[in-house]
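Here's a walk through one protein chain, written for someone who'd rather be at the bench. Pull up the structure and follow along.

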Amino acid sequence: MKEYGGYLPLELREQEEYFKTEEKNIYRLNCGRSAIALAVKKSNWKKIFIPIYMCYSVLEMCKRYNIPYELYHINDRLEPINVTVRENEGILIANYFGIFSDDRMNRLVEKYKNVIVDNTQSFFSRPNMNAYNVYSCRKFIGVSDGAYLIKKNVNCCKNKIEKDISSDASNYLLKALDRTTNEVYPEYLRNEKVLEEKDIKGMSESTRRILKSVDYDDIMRIRVNNYNYLQKKLSDLNEFKIVMRNSIPMIYPLVIKQRNLRRKLVENKIYVSQWWKWILDKGIGNSYENDLSEFLYPLPIDQRYNEEDMEQIVRIVLKILN
């Protein structure tokens with residue numbers, strides 16, 4: 001029975017989610033790892049190929065759900081090297097940093113056939129309906145969790161998945177409005193740890209409600225503008241030479257082989273984490289993967305920032321390097 005009266009909840013605009021597709025083509029889930037696990041389970045593949053340059057939590061997810069996997073290397077175009085995918089096997093291909101165009105990813109799907117497109121770093125990429133497409137919401141939008149799994153008829157049986165409850169996990173987002181994201185960072189990390197340990201669940205109602213209130217056009221415009229500004233100012237210094245085309249990036253991937261740069265950026269309040277250090281620790285990467293793990297500085301370009309912020313980031317980077 002519907003409730004009437006009482007206190008007022010948060011005021012959120014009632015709009016649409018970004019992905020507009022028939023319900024039979026989409027699962028709304030609690031996190032990207034759950035989406036990957038569900039895709040493998042529904043495909044019935046006997047094994048999945050996973051890139052070495054990937055978050056270790058994906059491997060932990062495979063172990064948790066007894067999913068056989070094999071690691072593969074990528075080349076300097078961020079594409080698989082020497083991988084043959086048999087009919088009863090699949091491959092996870094990452095859209096790194098959100099810089100692959102839809103056409104480029106479609107060519108990879110056509111080449112390998114049994115593909116999970118990992119768009120966790122590319123929320124705005126158009127899904128290829130012949131592949132499994134995984135999206136993570138919290139890397140692009142201020143929510144504590146949330147993910148999508150999209151494929152033609154992926155949800156045609158309407159399998160019931162228990163919905164998650166994420167309102168308690170969202171406290172750090174509200175606190176960051178009163179303080180700073182850095183002050184509340186320990187709470188964010190605790191939420192990440194809790195999310196890693198959760199089973200496959202449906203997207204919470206609170207997360208979906210927030211996602212339906214977002215101005216996605218504005219987010220896309222700002223991210224592209226900020227990326228283009230950094231590319232214009234830093235491209236001559238940047239050893240990462242793949243340029244974003246016709247996509248909406250997650251970060252600006254700056255690669256400079258200077259070991260103290262990360263520490264100095266953080267000292268100047270540009271928080272650039274080291275992605276996937278486990279590759280170096282285990283000594284399993286090729287030279288390109290090792291360089292990305294050690295020398296990638298993911299500069300922020302998200303919708304919190306404008307051109308003045310990008311100017312400040314450029315000034316700090318150039319001052320450090322000079």
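## The main sheet

Two strands count as paired here if DSSP finds at least two bridges between them. Helices (H or I, at least four residues) and strands (E, at least two) are DSSP runs, numbered from the N terminus. With that in hand, you get an open sheet of seven strands in the order β1-β7-β6-β5-β4-β2-β3, with mixed pairing. At the edges stand β1 (26-29) and β3, each with a single partner strand, so one side of each has no neighbour in the sheet. On average, neighbouring strands of this sheet are turned by 20° against each other, direction ignored. For that angle, axes are lines fitted to C-alpha atoms (for helices, over the stretch in contact), and angles run from 0 to 180 degrees between N-to-C directions.

Before going further, some ground rules. This is a predicted model, so local features need pLDDT of at least 70 and side-chain atom pairs count only at pLDDT 80 or more, while totals for chains, interfaces and linings use all residues. Residues are numbered from 1 along each chain as its sequence is written, and side-chain values use heavy atoms, with hydrogens and water left out.

## Both ends of the sheet

At one edge, β1 is joined to strand β7 (residues 147-150) by four bridges, and the two run antiparallel. Look for Ile26, which sits opposite Ile150 in β7.

At the other edge, strand β2 (residues 47-51) and strand β3 (residues 69-72) run parallel and share four bridges. Here Phe49 faces Glu70 in β3. Together with helix α2 (residues 56-64), β2 and β3 form a right-handed β-α-β unit. Right-handed means that, with the strands pointing away from the viewer, the path from the first strand over the helix to the second runs clockwise.

## Helix α1

Does the length of helix α1 (residues 32-43) add up, and what span should its twelve residues have? At 1.5 Å a residue they should span 16 Å, and the end C-alpha atoms are 17 Å apart, which agrees. The expected span is 1.5 Å times one less than the number of residues.

α1 is mostly covered, with ten of its twelve residues buried. Buried means under 20% relative accessible area, exposed means over 50%, and partly exposed is in between (1.4 Å probe, protein chains only). Among the buried residues of α1 are Gly32, Ile36, Leu38 and Val40.

## Three asparagines with positive phi

Just after α1, Asn44 takes a positive phi of about 65°. Asn66 has a positive phi of about 55° although it isn't a glycine. You'll find Asn66 in the loop between α2 and β3, and it is exposed, with a relative accessible area of 68%. Its C-alpha is 28 Å from that of Phe123, 57 residues apart along the chain.

Asn153 is another non-glycine with a positive phi, about 65°. Asn153 lies in the loop between β7 and α4 (171-178) and is partly exposed, at 32% relative accessible area.

## Met250, β8 and β9

Is Met250 buried or exposed? Met250 is buried, with a relative accessible area of 13%, and its place is the loop between α7 (216-234) and β8 (251-255). Leaving aside neighbours within four places in sequence, Met250 is in contact (heavy atoms within 4.5 Å) with several residues, including Phe97, Lys139, Arg223, Trp275 and Ile301. Ile301 is 51 residues away in sequence, yet the two C-alpha atoms are 7.3 Å apart.

β8 runs antiparallel to β9, and five bridges join them. The bridge partner of Pro253 in β9 is Pro298. Strand β9 (residues 296-300) is mostly covered, with five of its five residues buried. Both faces are covered: Leu296, Pro298 and Pro300 on one side, Tyr297 and Leu299 on the other.

## Cysteines

How many disulfides are there? A disulfide is a pair of cysteine sulfur atoms within 2.5 Å, and by this rule the count is zero. The sulfur of Cys55 is too far for a bond, because the closest cysteine sulfur, in Cys31, is 11 Å away. For Cys137 the closest cysteine sulfur is also in Cys31, 11 Å away and too far for a bond.

Burial is another matter: Cys55 counts as partly exposed at 28% relative accessibility, and Cys137 counts as buried at 0%.
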